[in-house]
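These are my notebook entries on one structure. I set down what I looked up, entry by entry.

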Amino acid sequence: MSRSSGIRGSRIGAGPMGESDRGNSVERVVVTFWCADGHSTPAVFAAEAVVPETWECQTCGQPAGLDRENPPPAATAAPFKTHLAYVRERRSDADGEKLLAEALAKLRQGR
């Protein structure tokens, strides 16, 4: 039988949110970053922190910058490559034929 409890997920001795004995919060700054698609991404930093030049857009994943009028260019995505495409980059056709012949010879010998 299941009983419902008002303190589910709480630990013993936990106090209310914003408890005064947790100490003072650091001063914060909200910085807005802009991507090439015009999306805005707000990010919160400590006032003393160094704000980066670029940030990832939360909407589209493109790089976003601090200047709304001149956002960073959209990243170019590399085309998807199959395993075979990567193998073909590493091996010539002659190398492939040689490896295939060796593998077939082993199979025919029963190894």
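**Entry 1: Phe45 and its ring partner**

I looked up Phe45 in this predicted model. Its relative accessibility is 11%, so I entered Phe45 as buried, the cut-off for that class being under 20%.

I then searched the whole structure for aromatic pairs and recorded three. One of them joins Phe33 and Phe45: the ring centres are 6.3 Å apart and the planes stand at 70 degrees, so I classed the pair as edge-to-face. The angle decides this, because planes over 60 degrees apart count as edge-to-face.

Where do Phe33 and Phe45 sit in the chain? I placed Phe33 in strand β1, residues 28-35, and Phe45 in strand β2, residues 40-46. Twelve residues separate the two, and the pair links distant parts of the chain.

**Entry 2: Phe33 and Trp55**

I turned to Phe33 and asked whether it is buried or exposed. Its relative accessibility is 0%, and Phe33 therefore counts as buried.

Phe33 also forms an aromatic pair with Trp55. For this pair I noted 5.6 Å from centre to centre and 15 degrees between the planes, and I entered it as stacked. Trp55 belongs to strand β3, residues 54-56, and lies 22 residues from Phe33 of strand β1, another link between distant parts of the chain.

Trp55 has a relative accessible area of 35%, so I listed it as partly exposed. I closed the entry by recording Phe33, Phe45 and Trp55 as one aromatic cluster.

**Entry 3: Arg68 and Trp34**

I checked for a charge over an aromatic ring. Arg68 lies over the face of Trp34, and I noted 4.1 Å from the ring centre.

**Entry 4: Pro72**

I located Pro72 in the loop between β4 (63-65) and α1 (83-90). With a relative accessible area of 17%, Pro72 is buried, although it belongs to a loop.

Which residues does Pro72 touch, once those up to four places away in sequence are set aside? I listed Trp34, Ala36, Thr54, Pro63, Ala64 and Gly65. Trp34 thus appears here as a contact of Pro72 and, in the previous entry, as the ring under Arg68.

I also looked up Pro72 against Trp55: the two are 17 residues apart in sequence, and their C-alpha atoms are 9.9 Å apart in space.

**Entry 5: Val44 and Thr59**

I found Val44 in strand β2, the strand that also holds Phe45. Val44 has 54% relative accessibility and counts as exposed, whereas Phe45 counts as buried at 11%.

Leaving aside neighbours within four places in sequence, I recorded contacts of Val44 with Arg28, Val29 and Val30. Between Val44 and Val30, 14 residues apart along the chain, the C-alpha separation is 4.5 Å.

Thr59 I placed in the loop between β3 and β4. It is exposed, at 56% relative accessibility. From Thr59 to His39 I noted 20 residues along the chain and 6.8 Å between the C-alpha atoms.

**Entry 6: The salt bridge**

How many salt bridges does the structure hold? I found one. It is formed by the side chains of Glu89 and Lys81, at 2.4 Å from N to O.

I looked up the exposure of both partners. Glu89 counts as exposed, at 52% relative accessibility, and Lys81 counts as partly exposed, at 33%.

**Entry 7: A leucine patch**

I recorded a nonpolar patch on the surface, formed by Leu100, Leu104 and Leu107. Together these residues have about 290 Å² of accessible area. I located Leu104 in helix α2, residues 93-109. Its relative accessible area is 33%, and I therefore entered Leu104 as partly exposed.

**Entry 8: The chain as a whole**

I finally looked up the totals. The protein chain has two helices and four strands, and along the sequence I read them in the pattern β-β-β-β-α-α.

Of its 111 residues, 10% count as buried; Phe33, Phe45 and Pro72 are among those entered as buried above. The accessible surface of the chain comes to about 9900 Å², and 52% of this belongs to carbon and sulfur atoms.

I also noted the contacts with a separation of 6 or more: residues 24 or more positions apart account for 24% of them.

Technical notes. Residues numbered from 1 in each chain as written. Predicted model: local features only at pLDDT ≥ 70, side-chain atom pairs only at ≥ 80, totals over all residues. Heavy atoms only, no water. Phe/Tyr/Trp six-rings, centres within 6.5 Å; stacked < 30°, edge-to-face > 60°. Buried < 20%, exposed > 50% of the residue type's maximum accessible area, 1.4 Å probe, protein only. Lys NZ or Arg CZ within 6 Å of the ring centre and 35° of its normal. Patch = residues over 30% accessible without salt bridge, like charges linked within 9 Å, V, L, I, M, F, W, Y side chains within 5 Å. Areas by Shrake-Rupley, 256 points an atom, 1.4 Å probe, with all protein chains shown as cover. Salt bridge = Lys/Arg side-chain N within 4 Å of Asp/Glu carboxyl O. Contact = heavy atoms within 4.5 Å.
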